[in-house]
Amino acid sequence: MKSYGIFIRLISGVLLATATRHRFALFLLTSLAFLQSCGNSPAPQPPAPPPIPKIANSVTEAVEDTDGQSLAKLPTPAGESASLKPPAIPTPQKVPPESVVSLPAVDANMTGLRYDTVISHRPAPFPGSHGWQYRKNTRGQVVGFEFSNRGGNRILPERYDIGKNKHFTRDFQFRFDERARQDIHLSITDWAPSRDKQFRLSELMTSVLLFFPRFYIPAIASVGASSVVTLPTGEEVQFDAKTHEIVSGVFAEAPVALSAPRFPAVEYLGKGVTVRVNARGTDPRIATVATITTGSPDPNCAKGQPCNQCQVQARELWEQKGAVRFKFPTDDEFDRYLRARCGFGLPQLPGEFVNHASIK
């Protein structure tokens, strides 16, 4: 029994040694295979860079916005390689709201006297011009625009210079509060010094004009070197965009009076009806006399009869307290008043006034 036990231990040792050698050999073979596979596999590559966007380099390639809509075709500037830098994407031109010819929102202005409009400046599209200012109410609606002739031209030789206390101006202010038909009007003011060379508010020479029929809200737009104003009748007046002198259209003007006070020498030449009041240093609509003139007089008017003009007290046309509203919100009401008071009415053919293809 003792010899048998020794024999078993001997055999077990041999087998254990053999297995150990086999495991070691298996380990060596596995390691060699792994190293060989690593040596034959390609090294991992970094991710490819994104493709370089194509640059428009001729007039045949259009620049597109983020929605894929073509904006413009941009030529490569002379002497500049298109591969150096991409062309700038142009901003689509937008029409200012005060340049859109539109219908009055309502007939009557039901609001009271308010001072809540905000004035902003609209720059001109080219150097050397002052552009214009426009008014917005608390709801963001455009309710007026204005501009000034500040001298250095035929109409006003003297120049505006606030540093030297020189306030020479001819101001044009178009107002249409709440975008209502009732109070559409133009205010023109000439400011020249008094005899002692001082500028005083009491010396302001102001005229207020209303134009009929009141088809549209007044509008102003830049057209080349001009600012074109559309009147409520649909007729147009062209102003020099730099000096704001009247160039053409249904207005004519004479120079600002510098030696003696005179109301603005601006005349309406259109076919509509105008109401005009004048005052020095005060509101022309209060306690004055209004002159009503038609540009379309009756061709059968008897000779010597005033068939194209009449005068009435301003209190017949405007409220004399508070917001000083015009008393005739609609043209039909004013037409009946004219026929009874002046013997003529408003022109009946709107088609001859309209000069615009699209009205909003």
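1. In this predicted model, strand S10 (residues 226-230) and strand S11 (residues 236-240) pair in the antiparallel sense, with five bridges between them. Within this pairing, Val228 stands opposite Gln238 in S11.

2. The S10 and S11 strands belong to an open sheet of four strands, whose order is S9-S10-S11-S12 and whose pairing is antiparallel. Strand S9 (219-223) and strand S12 (246-249) each have a single partner strand and stand at the edges, so each is left with one side that has no neighbour in the sheet. On average, neighbouring strands of this sheet are turned by 25° against each other, direction ignored.

3. Strand S8 deserves separate comment. Eight of the eight residues of S8 are buried, so this strand is largely enclosed by the rest of the structure. In a regular strand, side chains alternate between the two faces of the sheet. In S8, Met205, Ser207, Leu209 and Phe211 point one way, while Thr206, Val208, Leu210 and Phe212 point the other way, and all are buried.

4. The pairings of S8 are as follows. S7 and S8 pair in the antiparallel sense over five bridges, and Asp190 has Met205 of S8 as its bridge partner. S8 also pairs with strand S15 (residues 273-280), in the antiparallel sense and over eight bridges; here the bridge partner of Thr206 is Ala279 in S15.

5. The largest pocket holds about 1200 Å³ of space. Its lining comprises 46 residues, and those nearest its centre are Arg135, Glu146, Gln173, Arg175 and Ser187. Two or more lining residues are given by each of strand S4 (132-136), strand S5 (142-149), strand S6 (169-175), strand S7 (185-191) and strand S8 (205-212). The largest share comes from S6, with five residues. By residue class, the lining of this pocket divides into 13 nonpolar, 20 polar and 13 charged residues.

6. Closed space should be considered apart from the pocket. The count comes to one cavity of 30 Å³ or more, and the volume of the largest cavity is about 30 Å³. The largest cavity is lined by Gln182, Asp183, Ile184, His185, Leu210, Arg285, Trp318 and Phe326. These lining residues divide into four nonpolar, two polar and two charged. One of them, Leu210, is among the buried residues of S8, and points the same way from that strand as Thr206, Val208 and Phe212.

Note on methods
Residues are numbered from 1 along each chain as its sequence is written. This is a predicted model: local features need pLDDT of at least 70, side-chain atom pairs count only at pLDDT 80 or more; totals for chains, interfaces and linings use all residues. Side-chain values use heavy atoms; hydrogens and water are left out. On a 1 Å grid over the protein atoms alone, a cavity is a set of points where a 1.4 Å probe fits but cannot get out, and a pocket is an open set with protein on both sides within 12 Å along at least five of seven lines; lining residues have an atom within 4 Å of a point. Grid points are joined across faces, edges and corners, and a volume is the space filled by probe spheres set on the points. Ala, Val, Leu, Ile, Met, Phe, Trp, Tyr, Cys and Pro count as nonpolar, Asp, Glu, Lys and Arg as charged, and the others, Gly among them, as polar. Two strands pair if DSSP finds at least two bridges between them. Axes are lines fitted to C-alpha atoms, for helices over the stretch in contact, and angles run from 0 to 180 degrees between N-to-C directions. Buried means under 20% relative accessible area, exposed over 50%, partly exposed in between (1.4 Å probe, protein chains only).
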